[in-house]
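Trainee: Could you take me through the salt bridges in this one, slowly and pair by pair? I'd like to see who is holding on to whom, and what the surroundings look like.

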Amino acid sequence: MYGTQSKRDLALEFQSQIPILRPSIHARRANLTVKFQDLYGFTVEGNVDDVNVLNEVREKVRQQGRVWWALEASKGANWYLQPSISEGQSLKASLKLSAMANAITLKRLIRKGIPPVLRPKIWFSLSGAAKKKSTVPDSYYNDLTKAVEGKVTPATRQIDHDLPRTFPGHSWLDTPEGHATLRRVLVGYSFRDSDVGYCQGLNYVAALLLLVMKTEEDAFWMLAVLLENVLVSDCYTTNLSGCHVEQRVFKDLLAKKCPRIATHLEALEFDVSLVATEWFLCLFSKSLPSETTLRVWDVLFYEGAKVLFHVALAIFKSYNSNIRHYYGSRLLKL
């Protein structure tokens, strides 16, 4: 039988008897890499399932947008700042109840995400940036940028060194125009607050603020209120004393809220600040996708710096099951 068949025929006959093993549709989808730009111009890379999750999140954000627009239509454009007065109540009591109701509604809405189109206005109002800007002449920012133009300091030299390394490849930030705009914001603030000057990490924060706020002056005031009112004091000063305090507090929180993870990291002699310091200095802008980071910032500008600890804990908690599996497998081997 085999003598009359060529090697090619034999191979074909042999292959026909072997079942063809094709990867499942889920395996193929998992291996298919997709690249696209997100809402803020960053290139996102992932598989089809990742894209589907992102689309689901975006749909929820769109649904939240309809809630925001409905409230603006019924209560007015600045309902979160101007409580309404109900009939039959005294002015003081009405303002108190209305403000409380608005605050509860606003907190819930912000935690579910501010629609991107409303984000600049909401941030600027609720963070205190608008109030801070109103305390100085309208020409303050323009006067500041003109006054410091051409001046060279250790801060400006470090800024110039970091500009090309700030989100390289971004469609606008990584251009001469983007570099120049970011430089004006960072240099301007370095002269506004000489105690801070410039600290590595602020370039990523300011860059993301520029993408959200659209104008560099608004981004400047958002950076100012962030450093002067929202975050822990001295986080970005020369000795980073505020940042060191944050890291000690976070280690204690991790030990209390995630003891299994804290014990595992201690056994590995791994210092959690090796990863958490960047999270806190860059406000997760280098560690999370931009749309996720801005959801964190939505809460940050309204509720304060405590959200950074909550998010950092949540990231570690997401690995809790892996740690449990690791220890479980080790016990089985004993």
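Mentor: Sure. Let's fix the rule before we count: a salt bridge here is a side-chain nitrogen of Lys or Arg within 4 Å of a carboxyl oxygen of Asp or Glu. Keep in mind that this is a predicted model. With that rule, you get 16 salt bridges. The idea behind it is simple enough: side chains of opposite charge can pair when their charged atoms come close.

Start with Asp 298 and Arg 119, whose closest N and O atoms sit 2.8 Å apart. Asp 298 belongs to helix H15 (residues 290-303), while Arg 119 is in helix H5 (residues 119-126), so this salt bridge ties together parts that are 179 residues apart in sequence. Both partners, Asp 298 and Arg 119, are buried.

Now look at Glu 278 and Lys 286, whose side chains form a salt bridge at 3.5 Å, N to O. Glu 278 has 34% relative accessibility, so it counts as partly exposed. Lys 286 is partly exposed too, at 40%.

Then there's Glu 303 with Lys 306, another salt bridge, at 3.6 Å from N to O. This pair is a mixed case. Glu 303 counts as buried because its relative accessibility is 18%, and the cut-off for buried is under 20%. Lys 306, at 41%, is partly exposed. Elsewhere, Glu 59, Arg 62 and Arg 66 are joined into one network by salt bridges that share partners.

While you have the model open, swing over to a couple of spots outside the salt-bridge story. His 170 sits in the loop between helix H8 (154-162) and helix H9 (176-192). Loop or not, His 170 is buried, with a relative accessible area of 5%. Leaving aside residues up to four places away in sequence, His 170 touches Tyr 40, Gly 41, Phe 42 and Leu 211.

For a nonpolar stretch of surface, find Leu 268, Phe 270, Leu 274 and Val 275, which make a patch of about 360 Å². Phe 270, one of the patch residues, lies in the loop between helix H13 (259-267) and helix H14 (273-282). At 33% relative accessibility, Phe 270 counts as partly exposed.

If you want one pair to keep on screen, I'd go back to Asp 298 and Arg 119: both buried, and 2.8 Å between their closest N and O atoms.

Terms used
Residues numbered from 1 in each chain as written. Predicted model: local features only at pLDDT ≥ 70, side-chain atom pairs only at ≥ 80, totals over all residues. Heavy atoms only, no water. Helix = DSSP H or I, 4+ residues; strand = E, 2+ residues; numbered from the N terminus. Buried < 20%, exposed > 50% of the residue type's maximum accessible area, 1.4 Å probe, protein only. Contact = heavy atoms within 4.5 Å. Patch = residues over 30% accessible without salt bridge, like charges linked within 9 Å, V, L, I, M, F, W, Y side chains within 5 Å. Areas by Shrake-Rupley, 256 points an atom, 1.4 Å probe, with all protein chains shown as cover.
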